[in-house]
Amino acid sequence: MTDDISYYQQRADAELEQAQRATKPEVIRVHLNLANAYRERITDPVRRAKHA
């Protein structure tokens with residue numbers, strides 16, 4: 001489970017970095033949405049279990 005949390009944190013961080021580099025609002029929005037989805041998996045154990 002710790003590995004899952006680490007993975008989701010790394011993915012969220014990567015998506016945030018991509019959002020910061022993006023120049024188009026729609027691309028920024030997609031990366032932020034993905035980052036939020038990964039963060040939800042970290043904080044919501046039920047959601048995390050569904051994707052395990």
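**Exercise 1.** In this predicted model, find which residues of helix 2 are buried and work out why they lie on the same side of the helix.

*Solution.* Buried means under 20% relative accessible area. In helix 2, His 31, Ala 35, Tyr 38 and Arg 41 are buried. Around the axis they cover an arc of only 115°, which puts them on the same side of helix 2. The general rule behind such a pattern is that an α-helix has 3.6 residues a turn, so residues three or four places apart point the same way. On the other side of helix 2, Pro 25 and Thr 43 are exposed.

**Exercise 2.** Check the span of helix 2 against the span expected at 1.5 Å a residue.

*Solution.* Helix 2 runs over residues 25-43 and has 19 residues. The expected span is 1.5 Å times one less than that number, which gives 27 Å. The end C-alpha atoms are 27 Å apart, in agreement.

**Exercise 3.** Classify the ring pair of Tyr 7 and Tyr 38 and state which helices the pair connects.

*Solution.* The whole structure holds 3 aromatic pairs. In the pair of Tyr 7 and Tyr 38, the ring centres are 6.4 Å apart and the planes stand at 85°; planes over 60 degrees apart count as edge-to-face, so this pair is edge-to-face. Tyr 7 belongs to helix 1 and Tyr 38 to helix 2, so the pair ties together parts 31 residues apart in sequence. Tyr 38 is buried at 15% relative accessible area, whereas Tyr 7 is partly exposed at 42%. Together with Tyr 8, these two residues form one aromatic cluster.

**Exercise 4.** Describe the surroundings of Asp 13 in helix 1.

*Solution.* Asp 13 is partly exposed, with a relative accessible area of 32%. Its side chain makes a polar contact with the side chain of Gln 9 at 2.9 Å. The C-alpha atoms of Asp 13 and Ala 35 are separated by 7.0 Å, although these residues are 22 residues apart along the chain.

Terms used
Residues are numbered from 1 along each chain as its sequence is written. This is a predicted model: local features need pLDDT of at least 70, side-chain atom pairs count only at pLDDT 80 or more; totals for chains, interfaces and linings use all residues. Side-chain values use heavy atoms; hydrogens and water are left out. Helices (H or I, at least four residues) and strands (E, at least two) are DSSP runs, numbered from the N terminus. Buried means under 20% relative accessible area, exposed over 50%, partly exposed in between (1.4 Å probe, protein chains only). The arc is that of the directions from the helix axis to the C-beta atoms. A polar contact is a pair of N or O atoms within 3.5 Å; within protein, one must be able to donate a hydrogen and the other to accept it, and residues adjacent in sequence count only if both atoms are side-chain atoms. Rings of Phe, Tyr and Trp (its six-membered ring) pair if their centres lie within 6.5 Å; planes under 30 degrees apart count as stacked, over 60 as edge-to-face and the rest as tilted.
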